[in-house]
Structure formats: structure tokens, C-alpha cells
Amino acid sequence: MVAGLTLALTAAEPSVRCEIYQALGTLYEVKGIFATVAIPTDAKSALDAAILSDLNHSQHHLRSAALALLPIARPHGQSAGPNLVFNTICSYAADAHPKVRQAALCAILRQHMMGVALPVEMYDECVVATKDDFEQVRLVAIELIWAISSAFPEYPVTIEKYDTTETIRLLDDAFVKLCDMVNDSSVIVRQRACAILGRYRDVKHSFLSQTFSKQVMSNLRRFVPRGQRGKSNKGRGPPKASSIPTPQGDAEVDSDEFKLLDSGAAGAFVHGLEDEYQEVRDAAIESITELSIGSTEFAAKAVDFLVDMFNDSSDRVRLCAIRALIAIGDRSVIKLTEEQLSIALSAMKDACHTVREGIYAFLAVSAVAQPDALSKLMAAMKSSLDKYPDDQMPIYRALMALGLSHSNVINTAFVRALLGISEHYLSREARIDDTVYAGNVILLMNTDLPTRHELATILPDYV
């Protein structure tokens with residue numbers, strides 16, 4: 001069958017040849033032809049000649065189909081000139097038609113997945129492709145940027161802008177380029193860019209921290225040392241006498257002392273978390289979780305933004321943020337501020353049982369610094385036990401973890417207020433089936449041994 005399809009290429013119409021190329025590609029995916037199934041020599045030669053001929057055809061759909069099949073029909077290491085095949089594909093990355101450009105970049109990506117080492121020189125071409133008008137071209141370009149940067153992370157990249165020169169690692173530069181794609185006009189590209197950011201490891205902390213920056217472009221200024229000021233004015237003549245002097249105390253933004261930087265990584269995850277599409281917000285949260293694993297400083301910055309996502313309109317996004325915080329808290333206890341605690345306690349009133357259960361698990365890996373904050377938390381737990389009886393076991397698990405992590409906060413004054421113990425009167429014994437009372441005891445009995453010994457002096461005998 002394969003030989004018959006191949007030999008039919010010579011007499012077929014362009015539209016039919018396009019269908020034959022697509023059929024051969026499908027057979028490769030399903031049956032593994034060209035890799036495991038032997039093809040007669042005459043049929044293989046006819047296919048190679050037809051592909052090379054159709055690469056120069058005037059119809060774009062035929063050029064695209066031929067490009068898609070070329071790395072399959074002539075795989076790397078099994079053809080006479082593997083570099084020739086790769087260079088041929090690369091030459092069509094700048095084709096006039098977007099579909100052909102997409103097919104060329106997809107073929108390059110397929111070559112990479114088949115074991116071909118992508119040249120680092122191709123990085124600049126991929127960066128240019130991220131500005132393509134066609135979203136599918138941009139989509140493949142960001143995948144190639146990731147592939148090249150992961151293969152050459154330490155390769156030096158020189159950046160020359162505004163009369164200054166910097167050299168940074170290719171890994172960091174690629175991370176910044178992908179952060180910029182979070183502002184793309186296409187939701188598909190934004191989602192993919194956010195997802196790929198989570199794959200990066202060992203990115204310089206200064207670039208990671210910029211992803212949560214809320215600075216606008218006018219505040220991103222680079223200071224130029226005094227010794228370099230005025231260098232950019234060489235050859236421009238003396239300054240105009242009619243220029244308006246800058247009032248004392250104001251910054252002269254147009255002067256050479258300050259240079260505006262590209263936005264780059266600045267606010268990438270802020271934009272991702274505030275995107276109107278929940279798919280983008282989900283992808284941003286997933287990447288934040290992955291990056292938090294490798295950087296405790298980044299994780300600390302991420303907590304505030306992830307807690308804010310408890311107010312998201314989508315249940316799925318709220319759950320994703322909760323799971324991200326639990327993953328961070330499993331590695332290091334999250335110390336909640338007063339504002340973060342208030343947001344979390346408000347989320348305990350969520351109508352979705354799964355979200356509430358996630359909030360309890362999040363509070364289990366969190367900590368507060370003051371007894372007043374813990375009292376506020378316990379009051380919210382009491383309210384949830386009364387309002388949502390089905391949440392009893394998740395709440396009890398959270399209280400057990402809170403007892404373990406708050407031995408330094410739980411003191412005699414806190415316990416008296418919690419259990420209603422008076423210093424002057426005997427306390428009435430609580431009912432054993434009181435769920436709130438049982439939760440309070442779970443909290444106290446899971447503190448450390450010295451704290452329990454201290455509390456034993458004030459607790460009634462029935463406790």
C-alpha cells in the first residue's frame with residue numbers, strides 16, 4: 001500500500017499529492033512506516049524526489065504537507081545528508097505563507113524530538129518567530145525556545161540596548177522572552193507560555209522575582225554610571241539651548257541618566273493570574289507551583305498572590321491555587337499575615353465542599369504568630385462545624401496539625417478563653433458529643449509535651 005501511494009505521487013494532482021503526504025504521515029503515526037516497515041528502493045527514491053519537488057510548489061498547502069513529511073521520510077542518521085535535510089527545513093521558516101512557516105517549525109521540533117541536536121544559532125530565529133502574525137507559528141516558536149535553552153543553558157547572550165551592553169545566560173534570556181509571551185493577544189499562546197515557564201530550573205533569582213513585580217514600564221529605569229553619561233550624545237552636537245530645564249527634585253526621565261527597560265519578566269505571573277481566561281490562570285498557578293519547588297524565596301513571594309486567588313470566580317482556579325499552596329506548605333510552613341488569614345477564613349464559607357476541604361488542608365500547613373489570630377481561626381472553625389457538619393473530619397485533621405505547629409502560641413490565657421474556664425468558678429463539664437468541644441481538645445492535645453504539662457495546671461479534670 002505504501003509503495004502504491006508513493007508511486008502515485010508522480011501523476012497525481014497537487015490536491016491529491018497533499019492527501020497522499022498526509023496519509024503517509026498518518027501511517028507513520030499508527031503503523032510506524034519508514035522506521036520499522038521496509039519500503040522498496042524505487043518507491044523511496046520516488047517519494048524523496050516528489051517531496052523535494054513539491055517544496056518549491058506555488059501552492060502553500062502542498063509545501064506544508066511536504067515539509068511535514070520530510071523529517072519522517074528522511075530521518076536523521078538514516079539519510080545521506082542529515083544536515084542538508086535540517087537546513088532545508090530551516091530555510092522555509094521564513095516562508096511568505098504562515099502555514100508553511102508553521103509546518104517548517106513543526107518539522108524542526110519533530111527533528112528535535114527524534115534526537116537531532118538543535119543549533120544554538122537558531123535561537124535568534126525562534127525569538128523572531130515569537131513576533132509572527134500567525135498564532136500557530138508563535139506557539140511552536142516558544143516550544144523551540146524552551147528546547148534550545150534547555151540544551152544550552154549557560155550559553156552567553158549579549159544584549160545591546162540604550163548604549164549599554166549586558167551578557168546573560170541563554171536560560172535566563174529565554175525565560176524572559178517567554179515571560180513576555182504571557183502578554184500575547186492569543187489565549188492559546190498565553191496559556192502555553194505560562195505552562196512552559198514552569199519547566200525552567202536554576203533561573204537567576206532576580207528574573208524570577210520580577211515575575212511578581214507590579215511596576216509599570218515608566219518605573220523600570222536603568223541607572224547609567226556617571227562615567228558613561230553623555231557617551232550616547234557623541235556626534236549629535238551640543239544640546240539645544242531651548243530645552244526646558246528640569247525642576248529641582250524631579251527626575252529627568254528623558255536624560256541619559258535613566259534608560260527605560262523592556263518589560264521582560266516584569267509582572268508576568270501577575271498578568272497570568274489576572275487573565276480573563278481560566279485556562280491561562282490555571283497554567284500560571286501550575287508553573288508557580290513548579291518554580292516554588294526550586295526556590296524558597298520565590299515560594300515566599302508566591303504565597304500572597306496565590307491566597308488572593310481564593311477570591312477567583314472559578315472553582316477550578318480556586319482549587320488549583322489551594323493545591324499549589326499546600327504543595328508549598330508541605331516543604332515549609334506558611335506564615336500567614338492578618339490579611340491572608342482573613343481571605344482564607346472567608347474562603348471557608350465557599351459553597352463548594354471540595355474547596356472548603358482544600359482550605360482546611362491549607363490551614364493545616366500554615367501558621368499564625370499571635371494568639372488573637374489563632375482565636376479568630378478557631379472561631380471560624382467553630383462556625384464551619386455548626387454550618388457544615390459533613391466537614392467534621394477535614395476540620396479535625398486541620399486542628400490536629402494546627403496543634404502541632406502552634407505550641408508556642410497556645411498559652412494559658414488562650415486556653416481559658418477557648419474553653420471558657422474561669423479562675424474563680426468551677427466550669428461545667430462539656431458534653432462528650434459536642435463537636436466543637438472535641439475539636440478544641442484535639443487542638444490542645446496535639447501540642448508538644450512541655451505545653452501540655454503547662455496547660456494541665458489549669459485544665460479541669462474531665463478534659
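**Exercise 1. Place the residue Phe305 and its aromatic partner in the fold.**

Solution. Phe305 has a relative accessible area of 15% and is therefore buried, where buried means under 20% relative accessible area, exposed over 50% and partly exposed in between, with a 1.4 Å probe and protein chains only. The model is predicted, so local features need pLDDT of at least 70 and side-chain atom pairs count only at pLDDT 80 or more, whereas totals for chains, interfaces and linings use all residues. Residues are numbered from 1 along each chain as its sequence is written, and side-chain values use heavy atoms, with hydrogens and water left out.

Next, consider the rings. The structure holds seven aromatic pairs, a pair being two rings of Phe, Tyr or Trp (its six-membered ring) with centres within 6.5 Å, called stacked if the planes are under 30 degrees apart, edge-to-face if over 60 and tilted otherwise. Phe212 and Phe305 form a stacked pair, at 4.7 Å centre to centre and 15° between the planes. Because Phe212 lies in the loop between helix 11 (205–210) and strand 3 (221–223) while Phe305 belongs to helix 14 (residues 296–308), the pair ties together parts that are 93 residues apart in sequence. Helices (H or I, at least four residues) and strands (E, at least two) are DSSP runs, numbered from the N terminus. Phe212, at 6% relative accessibility, also counts as buried, and one aromatic cluster is formed by Phe212, Phe269, Phe298 and Phe305.

**Exercise 2. Describe the surroundings of Ser149.**

Solution. Ser149 is found in helix 8 (residues 135–151), and its relative accessibility of 0% means that Ser149 counts as buried. A polar atom of its side chain lies 2.9 Å from the backbone oxygen of Ile145. The side chain of Ser149 also makes a polar contact with that of Tyr200, at 3.1 Å; such a contact is a pair of N or O atoms within 3.5 Å, of which, within protein, one must be able to donate a hydrogen and the other to accept it, and residues adjacent in sequence count only if both atoms are side-chain atoms. Leaving out residues up to four places away in sequence, Ser149 touches Leu170, Leu171, Ala174 and Tyr200, contact meaning heavy atoms within 4.5 Å.

**Exercise 3. Decide how far helix 4 is enclosed.**

Solution. Helix 4 (residues 60–73) has 14 residues and spans 20 Å from its first C-alpha to its last. Since 11 of the 14 residues are buried, helix 4 is largely enclosed by the rest of the structure; among the buried residues are Leu62, Arg63 and Pro71.

Technical notes. Expected span 1.5 Å × (residues − 1).
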